[in-house]
Amino acid sequence: MNFKKQIFGFMDMLRFKKLVPNRRAALEAGSPEPLPRDYRVNQQARRLHPGMMEVELTAVRVLVPGMIELTFKRLDGDAFPFFRAGQYVSLQAPVGDSLVSRPYSIVSSPRQALENVLTLGVADAGFFSGWLNRKVKPGDRFRMSEPSGEFHYETLRDKKQIVCIAGGAGITPFISMARSMSEGDEPYEMLLFYGARDEAHLAYKAELDTLTQKGLRVVYVLSDEEKLGFEHGFVSAALLEKYVDVHNATFFLCGPKAMYDFVDAQLAPYNLPVKAIRRDATCCGDLALDAPRRFQLTVHIRDKVYTLDAAENETLLTAMERAGVPAPSKCRAGGCGYCHSKWRGGEFRIADGRDGRREADRKFGFVHPCVTYPLSDMEIEVPAAE
């Protein structure tokens, strides 16, 4: 490397001596106006990532037996943040003495969010979802997380042809994806296989039929009913090959675990790359144990300490929610890391296939309470919820 040689070395010292006076002169010549406290980039960041939001339920609609649609407006802002079609939000509310939250896929399109409208489809399955189906009414208020999740189309990863396979209530994210495509915000070509027991359990069928006029292709598959215009059975490899080139598509799956297992087995002979099959994460539920043991769970949140019971068959997050502890949660599937907490003591196990911790988390003793089950008395340090 060549350096410029100074003929008169003392010139560097002269420049250095003038540095402070020159800076003072520049400051004196500057504008007396104070620097802004809030920049446009900060304002945009808050619009896209507001954290927890205060929302109000504006409408309740029965879709099919055992499933409703909930429409919300935001109270602490004039619009919901823009999101990627396919993402979810976590809805939170007190139920009795418990503070409960669950993630639900967004049904509305990203454009509708900018109009302060956000819609969720909720099946009557589970504690909180059942409560929502039976108890809520327009005017009820909730807390809602900002949209999150990796279950969405990505041009750098996914092929232009996407094949979406929905089982039952798993149709919800695909309604958002179909709407977004019809509005011109997504570049993919979408083929949807929608499976249900019978036609009466096909939610959003009228809208899906309308969206077929805007580029969407839909194949309805009924397992318990044979009917003209519908496929019968399950989404098998033979059925897929009837409509699509399996090797030239990216698959998006949303539904129960039994559907995932069946479709995975059907796609296995094609040896598709891992990135070609996307699955929407499902909540980690209770374990099927005949006589679950009960332990003591000690929870530290900043300067507060909670002591509560935790059953062997329930996650640490479920135990905290049941006791009314304000623990943070989003995906409830071990993937997002939002609930990651410091382990202080005790034995535990993590649900099979749900360990989404980074190597550093394992090394330094962090766990995700949403997928962690106690095997003894435990003590953890949980981050404060927003």
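Start by selecting helix H8, residues 257–267, in this predicted model. Color Met259, Tyr260, Val263 and Leu267: these four are buried. Now look down the axis of H8: the buried residues fall within an arc of 100°, so they line one face of the helix. The spacing makes sense, because an α-helix has 3.6 residues a turn and residues three or four places apart point the same way.

Next, spin round to the other side of H8 and pick Lys257, Ala258 and Ala265, which are exposed.

So what covers the buried residues of H8? Show strand S7 (161–167) and helix H7 (237–243), then add strand S11 (250–254) and strand S12 (277–279); the cover includes these four elements.

Now jump to helix H1, residues 10–29, and select Phe16 there. Is Phe16 buried or exposed? Its relative accessible area is 57%, and a residue counts as exposed over 50%, so Phe16 is exposed. Add Leu19 and Val20 to the selection, and turn on a surface: together with Phe16 they make a nonpolar patch of about 280 Å².

Finally, zoom out to the whole chain. You should have 10 helices and 19 strands on screen, with the C-alpha atoms filling a box of roughly 95 × 55 × 50 Å along the principal axes. Of the 386 residues, 47% are buried. The chain exposes about 20800 Å², and carbon and sulfur atoms supply 53% of that area. If you draw a contact map, take the contacts between residues at least 6 apart in sequence: 68% of them join residues at least 24 apart.

How values were computed
Residues are numbered from 1 along each chain as its sequence is written. This is a predicted model: local features need pLDDT of at least 70, side-chain atom pairs count only at pLDDT 80 or more; totals for chains, interfaces and linings use all residues. Side-chain values use heavy atoms; hydrogens and water are left out. Patches are made of residues with over 30% relative accessible area and no salt bridge: like charges are joined within 9 Å, nonpolar side chains (Val, Leu, Ile, Met, Phe, Trp, Tyr) within 5 Å. Accessible areas come from the Shrake-Rupley method with a 1.4 Å probe; for residues, only the protein chains shown count as cover. A salt bridge is a side-chain nitrogen of Lys or Arg within 4 Å of a carboxyl oxygen of Asp or Glu. Helices (H or I, at least four residues) and strands (E, at least two) are DSSP runs, numbered from the N terminus. Buried means under 20% relative accessible area, exposed over 50%, partly exposed in between (1.4 Å probe, protein chains only). The arc is that of the directions from the helix axis to the C-beta atoms. Contact means heavy atoms within 4.5 Å.
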